[in-house]
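Please open the structure in your viewer and keep the selection tool ready. The tour moves from one selection to the next and says what is to be found at each stop.

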Amino acid sequence: MSASENFSLARAWLKAFNAHDVTALVALYAEDATHTSPKIRVLHPETGGRLVGRPALERWWRDAIARLPGLRYEETALTADGDRVFMEYLRHAPNEAPLPVAEVLEVKGGRIVASRVYHG
């Protein structure tokens, strides 16, 4: 994919997330995609912070939205090439200070094959 196509993929990701459209969000991922995050490690230590496959991703995001119905991400920067997108955003959750987050989306064949979240 081109950098332009990956920018579009990242913006579709942010749009689906902020709409809490988990079906659309998960559809952007390959069937066997992985997702790692410090929040997963804290809430589900048995995973080592890593989820594998669309069903696990869907459960994670449905749970997150149920726990934090006002959760949304505010884009601050996107950088892309033909293989990945580096997203920076502010995580806004009810009764929490905004949290700066960096997330990398690895892309192959138009689908996200891996996503990695970084924050303090």
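Begin by selecting Glu31, which counts as exposed because its relative accessibility is 53%; here buried means under 20% relative accessible area, exposed means over 50%, and partly exposed lies in between, with a 1.4 Å probe and protein chains only. The model is a predicted one, in which local features need pLDDT of at least 70 and side-chain atom pairs count only at pLDDT 80 or more, while totals for chains, interfaces and linings use all residues. Residues are numbered from 1 along each chain as its sequence is written, and side-chain values use heavy atoms, with hydrogens and water left out.

Now add Arg54 to the selection: its side chain meets that of Glu31 in a salt bridge, at 2.7 Å from N to O, where a salt bridge is a side-chain nitrogen of Lys or Arg within 4 Å of a carboxyl oxygen of Asp or Glu. Glu31 lies in strand β1 (residues 29-36) and Arg54 in helix α4 (residues 54-67), so the pair ties together parts that are 23 residues apart in sequence. Helices (H or I, at least four residues) and strands (E, at least two) are DSSP runs, numbered from the N terminus.

Stay with helix α4 and select Glu58 and Arg62, which both lie in this helix, 4 residues apart, or about one turn. They form a salt bridge whose closest N and O atoms are 2.9 Å apart. Glu58 counts as partly exposed, at 30% relative accessibility, and Arg62 is likewise partly exposed, at 40%. Next, show Arg67 together with Trp60, since the charged end of Arg67 sits over the ring of Trp60, 5.8 Å from its centre; this label asks that NZ of Lys or CZ of Arg be within 6 Å of the ring centre and within 35 degrees of the ring normal.

How many salt bridges does a search of the whole structure find? The search finds 8, and another one to select is that of Glu106 with Arg116, where the closest N and O atoms are 3.1 Å apart. This pair links distant parts of the chain, with Glu106 in strand β5 (residues 99-108) and Arg116 in strand β6 (residues 111-118), 10 residues apart. Glu106 counts as buried at 17% relative accessibility, whereas Arg116 is partly exposed, with a relative accessible area of 26%. If you add Asp81 and Arg84, you will see one network, in which salt bridges that share partners join these two residues with Glu106 and Arg116.

Return to strand β1 and look at its neighbours, remembering that two strands pair if DSSP finds at least two bridges between them. β1 and β6 run parallel and are joined by 4 bridges, while β1 and strand β2 (residues 50-52) run antiparallel and are joined by 3 bridges. Select Thr36 to see both sides: its bridge partner in β6 is Arg116, and in β2 Thr36 stands opposite Arg50.

The next stop is helix α1 (residues 3-18), where Trp13 and Phe17 lie 4 residues apart, about one turn of the helix. Both Trp13 and Phe17 are buried. A pair of aromatic rings is described by the distance of the centres and the angle of the planes. A search of the whole structure finds 7 aromatic pairs. Trp13 and Phe17 form one that is stacked, at 5.6 Å centre to centre and 10 degrees between the planes; rings of Phe, Tyr and Trp (its six-membered ring) pair if their centres lie within 6.5 Å, and planes under 30 degrees apart count as stacked, over 60 as edge-to-face and the rest as tilted. Add Tyr29, Trp61, Tyr73 and Tyr89, and the selection shows a cluster that ring pairs link together with Trp13 and Phe17.

Then select Ala80, found in strand β3 (residues 72-80) and counted as buried at 19% relative accessibility. Its C-alpha atom is separated by 7.6 Å from that of Ser4, although the two are 76 residues apart along the chain. Not counting residues up to four places away in sequence, Ala80 touches Ala3, Asn6, Phe7 and Val85, contact meaning heavy atoms within 4.5 Å.

Finally, show the whole protein chain, which has 4 helices and 6 strands. Of its 120 residues, 45% count as buried.
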